[in-house]
Amino acid sequence: MQKRQLGKSGLEVSALGLGCMGFRPDYGVGTDKQKAIALMRTAVERGVTFFDTAEVYGPFANEELVGEALAPFRRQVVIATKFG
């Protein structure tokens, strides 16, 4: 997986990221919790290190789901969240 540097911070992430909005039923059908967790963990195993969520996707429920799914990989991934 190719990597990209974000800004001038030196933070490096995978060139492909995973947007996690669709995991919650608040924005459409949603995804079964265990399937969503499995998908995120498979993404990590395939080299994805950048995951995007937001507090408004739930609210907060999506961030909790992403956090639970990626907890075993916390030192390997970057989670971006939007707020405001």
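This report describes the overall fold of a predicted model, then its nonpolar core, one helix face, and a few individual residues.

**Overall fold**

The chain contains two helices and five strands, and, read along the sequence, these elements follow the pattern β-β-β-α-β-α-β. Its radius of gyration is 13 Å, close to the 12 Å that the globule rule gives for 84 residues, so the chain is as compact as a globular protein of that length. Along its principal axes, the C-alpha trace spans about 35 × 30 × 20 Å. Of the contacts with a separation of 6 or more, 65% join residues that are 24 or more positions apart. Buried residues account for 31% of the 84 residues, while the accessible surface comes to about 5400 Å², with 55% of that area belonging to carbon and sulfur atoms.

**The nonpolar core**

The largest nonpolar core has 16 residues, and those with the most contacts inside it are L18, C20, F23, M40, F51 and L70. The elements that give two or more residues to this core are α1 (33–45) and α2 (61–70), and of the elements it is α1 that gives the most, with five residues. What does M40 touch, once residues up to four places away in sequence are left aside? The neighbours of M40 are then L18, C20, F23, F51, L65, V66, A69 and L70.

**The buried face of α2**

In helix α2 the buried residues are A61, N62, L65, V66, A69 and L70. Seen down the helix axis, these buried residues fall within an arc of 155°, so they line one face of α2. An α-helix has 3.6 residues a turn, so residues three or four places apart point the same way. The cover over the buried residues of α2 includes α1, β4 and β5 (78–82).

**Three residues compared by accessibility**

The table lists the location and relative accessible area of three residues, which are then taken up in turn.

| Residue | Location | Relative accessible area |
|---|---|---|
| S14 | strand β2 (residues 11–14) | 3%, buried |
| T49 | loop between α1 and β4 (50–54) | 11%, buried |
| E63 | helix α2 | 23%, partly exposed |

The assignments follow from the cut-off: buried means under 20% relative accessible area, so S14 at 3% counts as buried, and T49 at 11% is likewise buried. E63, at 23%, is partly exposed because its value lies between that limit and the 50% above which a residue is exposed.

S14 and T49 are linked by a polar contact, in which the side chain of T49 reaches the backbone nitrogen of S14 at 2.7 Å. A polar atom of the S14 side chain, for its part, lies 2.5 Å from the backbone oxygen of L16. Not counting residues up to four places away in sequence, S14 touches M1, Q2, K3, G47, V48, T49 and F50. With the same exclusion of residues up to four places away, T49 touches K3, V13, S14, Q76, V77 and V78.

Which residues does E63 touch, again not counting those up to four places away in sequence? They are T53, A54, E55 and T81. The C-alpha atoms of E63 and M1, which are 62 residues apart along the chain, are separated by 25 Å.

Conventions
Residues are numbered from 1 along each chain as its sequence is written. This is a predicted model: local features need pLDDT of at least 70, side-chain atom pairs count only at pLDDT 80 or more; totals for chains, interfaces and linings use all residues. Side-chain values use heavy atoms; hydrogens and water are left out. A nonpolar core is a set of buried Ala, Val, Leu, Ile, Met, Phe, Trp, Tyr and Cys residues joined through side-chain atoms within 4.5 Å. Buried means under 20% relative accessible area, exposed over 50%, partly exposed in between (1.4 Å probe, protein chains only). Helices (H or I, at least four residues) and strands (E, at least two) are DSSP runs, numbered from the N terminus. Contact means heavy atoms within 4.5 Å. A polar contact is a pair of N or O atoms within 3.5 Å; within protein, one must be able to donate a hydrogen and the other to accept it, and residues adjacent in sequence count only if both atoms are side-chain atoms. The arc is that of the directions from the helix axis to the C-beta atoms. The radius of gyration is taken over C-alpha atoms; the globule rule is 2.2 Å times the number of residues to the power 0.38. Accessible areas come from the Shrake-Rupley method with a 1.4 Å probe; for residues, only the protein chains shown count as cover.
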